[in-house]
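Visitor: Could you walk me through this model, starting with its cysteines?
Guide: Gladly, let's take a look together.

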Amino acid sequence: QNRERIIIIGVRNDLGIEPTHPKPQTKKVSVEDVCPDQSGCRFVTFRNAGGGARNNYSTSKDPLPTIMKSGVDYYSENKTRDRVPVRVLKACATFPHGFQFVGSDSQKIARIGNSVPPLLMRAVATHVREHILEATT
C-alpha cells in the first residue's frame with residue numbers, strides 16, 4: 001500500500017551505537033502484482049485532512065492507496081463501485097495467503113487498516129538485529 005509511516009528506533013547512549021533506520025525499498029509493488037484479477041480497476045480511499053475530505057486515487061498499476069480501517073473502494077472497468085475484498089486488502093498489506101483474520105468483513109478490514117504490514121515489520125526487525133543487536137554482542 002502507498003502509505004507514509006514513521007519508524008523510530010532508539011538506542012541507549014551507553015551502547016555507543018548511532019541510531020539508524022531501515023532504508024526504503026525502491027521497488028513499488030502494484031495491485032496487479034499481488035492480485036492480477038484486479039487489473040483495470042481504479043481504487044479510492046477517502047480521508048479527512050484538516051477538516052476537509054479528499055480522495056486518494058490509484059490504478060491497479062500502482063500500489064493500493066492507504067488502507068483505511070473503513071476500507072478501500074474500487075471502480076471496475078464497467079464503472080461499478082464496490083468495496084475492495086478482504087483477500088485483496090490482505091495481499092496488498094503483505095499478509096501471507098494462509099493468514100486468517102477473525103470477525104466480520106468490516107472487522108477484518110479495520111484490523112488490516114490498523115495493522116503494520118508484516119513485510120515492513122520484518123524489515124525493521126532485520127535492521128534492528130543486524131545493526132543494533134549484532135553490534136552489541
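Visitor: How far is the sulfur of C35 from the closest cysteine sulfur, in C92?
Guide: This is a predicted model, where local features need pLDDT of at least 70 and side-chain atom pairs pLDDT 80 or more, while totals for chains, interfaces and linings use all residues. Residues are numbered from 1 along each chain as its sequence is written, and side-chain values use heavy atoms, leaving out hydrogens and water. A disulfide is a pair of cysteine sulfur atoms within 2.5 Å. The C35 sulfur is too far from that of C92 for a bond, the separation being 5.1 Å.

Visitor: How many disulfides does this rule give?
Guide: C41 is in no disulfide either, as its nearest cysteine sulfur, that of C35, is 10 Å away. By the rule, the count is zero.

Visitor: Is C41 buried or exposed?
Guide: Buried means under 20% relative accessible area, exposed over 50%, and partly exposed in between (1.4 Å probe, protein chains only). C41 has a relative accessible area of 8%, so C41 is buried.

Visitor: Which helix gives the most to the largest nonpolar core?
Guide: Such a core is a set of buried Ala, Val, Leu, Ile, Met, Phe, Trp, Tyr and Cys residues joined through side-chain atoms within 4.5 Å. Helices are DSSP runs of H or I, at least four residues, numbered from the N terminus. The largest core has 18 residues, and L64 and I112 are among those touching the most other members. With four residues, the top contributor to this core is α2.

Methods
Helix = DSSP H or I, 4+ residues; strand = E, 2+ residues; numbered from the N terminus.
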